[in-house]
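Visitor: I would like a close look at a single part of this model. Please keep it brisk.

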Amino acid sequence: MVKQTGSDGILRLDHLPAATFNVSVRKPHPIDPSIQLVGATAGIVVRSGDTALDTVISKPISSSGIAINELYTVGPVNNLFFFFDQYIELYNASDSVRYLDGMLVIRMSGNSEGLGPGADEGLDGDIDGVTYIFKFPGNPGEQNHPIRPGQFVILAVDGVDHTKFVSTSYDLSRADWEFYNQYSPEDIDNPSVPNLINIRSDRTVDFLISLTSDVIVLASGRDTVWVDGIDIATVVDAVEYQSNPPPSSLKTLDSRIDRGVALSPPRYSGQAIQRVEPGSDTNDSSVDFEIRPRATPGYQ
Ligand SMILES: [Ca+2]
Ligand SMILES: [Ca+2]
Ligand SMILES: [Ca+2]
Ligand SMILES: [Ca+2]
């Protein structure tokens, strides 16, 4: 059953049968409608003729449920300038199955002649500076590519075992997806890892991202016309990372999407940036993310 709490946030339920109950709570964030506050407590025991009292602590998640949970960009420890084991990790923080069909993964490093990557140039409600734009199969609204509640999904630049080339690297041969540029003569296509493909035919290289400073966007795919920018309303999640965060550098991603900047680890350190808790998202990457000493593909 679904019940509303009082304005004090307290829910009183009388005359319950003696049983063990699970309670989950949900409310929109009072200031930012793109954030949901969610929480759950399992195993509340109510005995016959007795009263049970409990508190459910809620945490913020993006209202789409899907968050960019980890960015591994800097490459492993090596002196060969190897960083081709980059990956992006997604996480479903909601309590229901969501679908990736038709979604877009975008690197924004252009628009430097204007307000910068991910800024809303011209204040027309979209963010500008698309450099690479790759797409999950299908169309938004279709339900062929699920992401289950609590599931991590790895999007590898190349879904191969990189430890064969650099021993300090990561085995991504069981990645959920890989970026495959069908216009590139060199990109690797592991047939056992499904592909995100490139929708910018003028780009003929793989989906590589900057090691220590970039803007990464996950969008619903309801706006695929990238030339005029990506509609903010279609942005599922976006993260800007920098090695020298403001005030020593400029934050360019529109503050309606994210108010902060994640601090990037040093290049060729094998480290990664990950949300402090899976999917936890207050739209301020300066507090939502932390540096991890090792990348954690597919787990927290
Ligand atoms: Ca690739
Ligand atoms: Ca493949
Ligand atoms: Ca557009
Ligand atoms: Ca992880």
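Which residues are the protein donors of the calcium ion (ligand 1)?

Guide: First, the ground rules. This is a predicted model, where local features need pLDDT of at least 70, side-chain atom pairs count only at pLDDT 80 or more, and totals for chains, interfaces and linings use all residues. Residues are numbered from 1 along each chain as its sequence is written, chains are lettered from A and ligands numbered from 1 in the order in which they are written, and side-chain values use heavy atoms, with hydrogens and water left out.

Now the site. Val157 and Phe179 each give a backbone O to the calcium ion (ligand 1). Asp158 gives an OD atom. Asp187 and Asp206 are each listed twice through OD. These donors lie 2.2 to 2.8 Å from the ion. Donors here are N, O and S atoms within 2.8 Å of the metal (3.2 Å for Na, K and Ca); water is not among the atoms, so sites may look incomplete. Along the chain, the spacing reads V-D-x20-F-x7-D-x18-D. Two of the donor residues, Phe179 and Asp187, are buried. Buried means under 20% relative accessible area, exposed over 50%, partly exposed in between (1.4 Å probe, protein chains only).

Set beside this the calcium ion (ligand 3). Its donors are Asp223 (OD, listed twice), Val225 (O), Asp228 (OD) and Gly229 (O). The distances run from 2.3 to 2.7 Å. The donor residues of ligand 3 follow D-x1-V-x2-D-G in sequence. Asp223 has 8% relative accessibility, so this aspartate counts as buried.
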